[in-house]
Amino acid sequence: MSRVNTLTKVSILVALASALHAVEALIPLPFIIVPGAKLGLANIVALYAVQTMGLGQALAISFLRTLLGGLLGGTFLNVGYYLSTSGALASTLVMYGVSRSARGRISVVGVSVSGAFTHNLTQLAVASVLLKSLGVLFYLPYLLVLAVPTGIFVGLLAGRIIRISPERSQNRSGR
């Protein structure tokens, strides 16, 4: 794929992930008990990139999506921005690592659940450091329980998209 095609594809995926992020903010969730809990719709795009593109492109998509979300949502450089960015980047790294190291042994859904766990663990660790309090770790069991159904949901959707994608053959190329 040429550099122009790659840049175009990354740009489209950033726009799609940003749109999903914005739409998700409008969805009322029954997770009132756990503040900040979300479905993770933008992670469908991150998982797609992890499975069909290289690590650099997947990280760029995750970072640019959180950057745009922060700028457009008015949260740039506040605690929420750092939590979102750290969670997105860490989960993308873990999903890429799990996907590549366990090729064929772990499904896209399993990769997604590992990303959801990582996202939540990273956000709580960063929140604990930024707020200088271990109290936020109280949410850990709740967020990890919620990571399973949200990770499955994201993994199932991403898996369907990957199966119909022309890039699915690249999934096995090791890029």
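Start by selecting H1 and H2, two helices that run roughly antiparallel to each other. That label follows because their packing angle is about 155° and angles over 145 degrees count as roughly antiparallel. Their axes sit 7 Å apart. Keep in mind as you click around that this is a predicted model.

**Stop 1: where H1 meets H2**

Show side chains for Lys9, Leu13, Leu16, Ala17, Leu20, His21 and Glu24 on H1, then for Ala42, Val45, Tyr48 and Thr52 on H2; these residues make the contact. Sorted by class, you're looking at seven nonpolar, two polar and two charged residues.

**Stop 2: the whole chain**

Zoom out and switch to a cartoon view. You'll find six helices and zero strands, so the order from the N terminus reads α-α-α-α-α-α. Of the 175 residues in the chain, 45% are buried. Turn on the surface too: the chain exposes about 9300 Å², with carbon and sulfur atoms supplying 71% of that.

**Stop 3: inside H2**

Now select residues 42–52, which is helix H2. Is this helix enclosed or open? It is largely enclosed by the rest of the structure, because 11 of its 11 residues are buried. Click along H2 and you'll pass Asn43, Ile44 and Gln51, which are among those buried residues. To see what does the covering, bring up H1 (3–26), H3 (55–73), H4 (79–101), H5 (108–131) and H6 (140–164), which are included in the cover.

**Stop 4: the nonpolar cores**

Which residues touch the most other members of the largest nonpolar core? Select Leu13, Leu47, Met53, Ile61 and Met95, and you have them; the core holds 24 residues. H1, H2, H3, H4, H5 and H6 each give two or more residues to this core, and H2 gives the most, with eight.

Centre the view on Ile61. Leaving aside neighbours within four places in sequence, Ile61 is in contact with Val10, Leu13, Val14, Val45, Ala49 and Met53. Apart from the largest core lies another one, of seven residues, with Ala127, Val136, Leu143 and Leu146 among them.

**Stop 5: Gly97**

Finish in helix H4, where you'll find Gly97. Is Gly97 buried, exposed or partly exposed? Its relative accessibility is 33%, so Gly97 counts as partly exposed, a class that lies between under 20% and over 50%. Draw a C-alpha to C-alpha distance from Gly97 to Leu55: they are 42 residues apart in sequence and 9.2 Å apart in space. Across the chain, among contacts between residues at least 6 apart in sequence, 70% join residues at least 24 apart.

Conventions: Residues are numbered from 1 along each chain as its sequence is written. This is a predicted model: local features need pLDDT of at least 70, side-chain atom pairs count only at pLDDT 80 or more; totals for chains, interfaces and linings use all residues. Side-chain values use heavy atoms; hydrogens and water are left out. Buried means under 20% relative accessible area, exposed over 50%, partly exposed in between (1.4 Å probe, protein chains only). Helices (H or I, at least four residues) and strands (E, at least two) are DSSP runs, numbered from the N terminus. Contact means heavy atoms within 4.5 Å. Accessible areas come from the Shrake-Rupley method with a 1.4 Å probe; for residues, only the protein chains shown count as cover. Axes are lines fitted to C-alpha atoms, for helices over the stretch in contact, and angles run from 0 to 180 degrees between N-to-C directions. Angles under 35 degrees count as roughly parallel, over 145 as roughly antiparallel, 65 to 115 as roughly perpendicular and the rest as oblique. Ala, Val, Leu, Ile, Met, Phe, Trp, Tyr, Cys and Pro count as nonpolar, Asp, Glu, Lys and Arg as charged, and the others, Gly among them, as polar. A nonpolar core is a set of buried Ala, Val, Leu, Ile, Met, Phe, Trp, Tyr and Cys residues joined through side-chain atoms within 4.5 Å.
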